[in-house]
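The following exercises are to be worked with the sequence and the model side by side. Each task is followed by a solution in steps.

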Amino acid sequence: RRRPSSSKKKQKQRKARQEVEIINYYEVLGVATNATTKDVEKAYRRLAIKHHPDRVHDKNRETAERVFSAIKKAYDSLVDDEKRKIYDKHGSSALQYWEDNNGMLPPDKQDTASSTKASKHQKQQSSAFDEFEEILGTGDVYSNFGADPMFGF
């Protein structure tokens with residue numbers, strides 16, 4: 001096997017750096033920063049049809065998949081109000097961290113509002129469990145066995 005020449009190594013490194021670069025979701029979709037949700041949806045539909053990997057030749061499929069993935073990520077981030085606020089305020093890396101860590105922002109991006117929101121989320125989650133327990137009982141299936149007045153046990 002031949003080793004890749006140094007120029008090929010540099011090309012691979014350059015390609016890897018380009019993939020890591022921060023992407024501006026508004027530019028990907030071709031919408032303004034003050035675009036409405038409808039504008040974002042329209043732009044997404046138009047670009048998704050144009051760049052869908054199933055609509056290109058096999059030789060261009062890898063590029064189309066990368067472009068389509070960027071379009072989908074931009075759409076998912078801008079159509080959701082909460083994600084869009086985080087993206088606008090902190091950028092794509094903080095949004096990615098937020099998605100990967102159950103709604104927690106990176107330590108350097110946290111403020112009191114985000115920590116309050118996280119605690120509200122935990123409170124809502126525990127209250128949902130409390131509601132289920134209230135409806136279904138304590139979780140002990142056999143605790144009320146034989147106490148059904150319909151069957152007279």
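**Exercise 1. The chain as a whole**

Among contacts in the chain between residues at least 6 apart in sequence, what percentage join residues at least 24 apart? Describe also the elements of the chain and its burial.

*Solution.*
- Step 1. The model is a predicted one. Its chain holds 7 helices and 0 strands, and the order of elements from the N terminus is α-α-α-α-α-α-α.
- Step 2. For residue pairs at least 6 apart in sequence, 45% of the contacts join residues at least 24 apart.
- Step 3. The chain has 153 residues, of which 20% count as buried.

**Exercise 2. The two sides of H5**

Determine which residues of helix H5 are buried and which exposed residues lie on the face turned away from them.

*Solution.*
- Step 1. Helix H5 comprises residues 81-90, and Arg-84, Ile-86, Tyr-87 and His-90 are buried in it.
- Step 2. These residues lie on the same side of H5, because they cover an arc of only 165° around the axis.
- Step 3. Asp-81, Lys-85 and Lys-89 are exposed on the face of H5 that is turned away from the buried side.
- Step 4. The cover over the buried residues of H5 includes helix H2 (25-29), helix H3 (37-51), helix H4 (61-79) and helix H6 (92-100).
- Step 5. Consider His-90 of helix H5. Buried means under 20% relative accessible area, and His-90 has 17%, so His-90 is buried. Leaving aside residues up to four places away in sequence, His-90 touches Leu-105 and Lys-109.

**Exercise 3. The ends of H5**

Which backbone nitrogen does a side-chain oxygen of Asp-80 reach at the start of H5, and what residue follows H5?

*Solution.*
- Step 1. At the start of H5, the backbone nitrogen of Glu-82 has a side-chain oxygen of Asp-80 within 3.0 Å.
- Step 2. Gly-91 follows H5 and has a positive phi, near 100°.

**Exercise 4. The packing of H4 and H5**

Describe how H4 and H5 pack, giving the angle and the separation of their axes.

*Solution.*
- Step 1. Two packed helices are described by the angle between their axes and the distance between the axes.
- Step 2. For H4 and H5 the angle is about 100°, and the axes are 5 Å apart.
- Step 3. Angles of 65 to 115 degrees count as roughly perpendicular; H4 and H5 are therefore roughly perpendicular to each other.
- Step 4. H4 contributes Asp-76, Ser-77, Leu-78 and Val-79 to the contact, while H5 contributes Asp-81, Lys-83, Arg-84 and Tyr-87.
- Step 5. Sorted by class, the contact of H4 with H5 contains 3 nonpolar, 1 polar and 4 charged residues.

**Exercise 5. H6 and the loop beyond**

Identify the buried residues of H6, then establish whether Pro-106 is buried or exposed.

*Solution.*
- Step 1. Ser-92, Ala-94, Leu-95 and Trp-98 are the buried residues of H6.
- Step 2. Viewed down the axis of H6, these buried residues fall within an arc of 160°, so they line one face of the helix. Among the elements that cover them are H2, H4 and H5.
- Step 3. Just after H6, Asn-102 has a positive phi of about 50°.
- Step 4. Pro-106 is placed in the loop between H6 and helix H7 (112-136). With a relative accessible area of 11%, Pro-106 is buried.
- Step 5. Not counting residues up to four places away in sequence, Pro-106 touches Ala-94 and Tyr-97. Pro-106 and Leu-95 are 11 residues apart along the chain, and their C-alpha atoms are separated by 9.1 Å.

Notes:
Residues are numbered from 1 along each chain as its sequence is written. This is a predicted model: local features need pLDDT of at least 70, side-chain atom pairs count only at pLDDT 80 or more; totals for chains, interfaces and linings use all residues. Side-chain values use heavy atoms; hydrogens and water are left out. Buried means under 20% relative accessible area, exposed over 50%, partly exposed in between (1.4 Å probe, protein chains only). Helices (H or I, at least four residues) and strands (E, at least two) are DSSP runs, numbered from the N terminus. The arc is that of the directions from the helix axis to the C-beta atoms. Contact means heavy atoms within 4.5 Å. A polar contact is a pair of N or O atoms within 3.5 Å; within protein, one must be able to donate a hydrogen and the other to accept it, and residues adjacent in sequence count only if both atoms are side-chain atoms. Axes are lines fitted to C-alpha atoms, for helices over the stretch in contact, and angles run from 0 to 180 degrees between N-to-C directions. Angles under 35 degrees count as roughly parallel, over 145 as roughly antiparallel, 65 to 115 as roughly perpendicular and the rest as oblique. Ala, Val, Leu, Ile, Met, Phe, Trp, Tyr, Cys and Pro count as nonpolar, Asp, Glu, Lys and Arg as charged, and the others, Gly among them, as polar.
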